[in-house]
Amino acid sequence: MSTDPPPSSSASASEDEYVRLKLELAQARAATDTARLQARQLISKRDGIREDAAKHRAESAEQQQILQQTQGSNEKLKAQIKDAEDERDQLLEKIEGEENR
């Protein structure tokens, strides 16, 4: 039977320091993992916001184009209404002129 010498206080202190350092390392790794997870979540959220913003920009551009087309159509309709009113006025004047003869 072999007898191990009793641990010295410096060996015990070294083991305690080793355990303390291992614990600190585990805590640091846990904190790093948490930070990485949070960073990934933020990046994912940012990417989602960017996609939404791109969709909104595209929709806005499409709506602007539709608005411009509608305004152009409205202007054409106004011009046609004006022409029709002028023709009607001319016809009414012609009818009144013929009635007065």
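How accessible is Arg88, and does that make this residue buried, partly exposed or exposed? I looked this up before anything else and found a relative accessibility of 48%, so Arg88 counts as partly exposed. I note at the start that I am working with a predicted model.

**Entry: the neighbour of Arg88**

I next followed the side chain of Arg88 and found that it meets the side chain of Asp89 in a salt bridge, with 3.5 Å from N to O. For Asp89 I read a relative accessible area of 34%, and this residue is therefore partly exposed as well.

**Entry: the overall form**

I then stepped back to the whole chain, where I counted 1 helix and 0 strands. That element, helix 1, covers residues 9-99. I looked up the box filled by the C-alpha atoms, and along the principal axes it comes to roughly 145 × 20 × 10 Å. The radius of gyration tells a related story: the protein has 43 Å, whereas a compact globule of 101 residues would have a value near 13 Å.

I also wanted two distances along the chain, to give myself a sense of scale. Glu87 and Ser10 stand 77 residues apart in sequence, and their C-alpha atoms are 113 Å apart in space. For Glu98 and Thr70, which are 28 residues apart along the chain, I noted a C-alpha separation of 42 Å.

**Entry: the surface**

How much of the protein counts as buried? I found that 0% of the 101 residues do. The accessible surface amounts to about 9,600 Å², and carbon and sulfur atoms account for 53% of that area.

I checked Glu87 as a single case: this residue lies in helix 1, and its relative accessible area is 51%. Since the cut-off for exposed is over 50%, Glu87 is exposed because its value of 51% passes that limit.

**Entry: charges and salt bridges**

I counted 16 positive and 21 negative side chains in the protein, and I noted that the centres of the two sets lie 6 Å apart. A search of the whole structure gave me 6 salt bridges, and I wrote down some of them in detail.

One of these joins Glu24 to Arg20, with the closest N and O atoms 2.1 Å apart. Both residues belong to helix 1 and are separated by 4 residues, which is about one turn of the helix. Glu24 is partly exposed at 39% relative accessibility, and Arg20 is partly exposed too, at 36%. I saw that this pair does not stand alone, for Glu17, Arg20 and Glu24 are linked in a network of salt bridges.

Another salt bridge connects Arg46 with Asp47, and here the closest N and O atoms are 2.9 Å apart. I read 38% relative accessibility for Arg46, so this residue counts as partly exposed. Asp47, with a relative accessible area of 31%, is partly exposed.

**Entry: patches towards the end of helix 1**

Which residues gather in a patch of negative charge on the surface? I found Glu93, Glu96, Glu98 and Glu99 there. Two of its members I looked up separately. Glu98 is found in helix 1, and with a relative accessible area of 49% it is partly exposed. Glu99 also lies in helix 1, but at 61% relative accessibility Glu99 counts as exposed. The two residues fall into separate classes because the limit for exposed is over 50%.

I closed with a patch of another kind, a nonpolar one of about 280 Å² on the surface, which is made by Leu91, Leu92 and Ile95. Of these I checked Leu92, which sits in helix 1 and counts as partly exposed at 43% relative accessibility.

Methods: Residues numbered from 1 in each chain as written. Predicted model: local features only at pLDDT ≥ 70, side-chain atom pairs only at ≥ 80, totals over all residues. Heavy atoms only, no water. Patch = residues over 30% accessible without salt bridge, like charges linked within 9 Å, V, L, I, M, F, W, Y side chains within 5 Å. Areas by Shrake-Rupley, 256 points an atom, 1.4 Å probe, with all protein chains shown as cover. Salt bridge = Lys/Arg side-chain N within 4 Å of Asp/Glu carboxyl O. Helix = DSSP H or I, 4+ residues; strand = E, 2+ residues; numbered from the N terminus. Buried < 20%, exposed > 50% of the residue type's maximum accessible area, 1.4 Å probe, protein only. Rg over C-alpha atoms; globule rule 2.2 N^0.38 Å. Lys, Arg positive; Asp, Glu negative; His and termini not counted. Charge placed at Lys NZ, Arg CZ, Asp CG, Glu CD.
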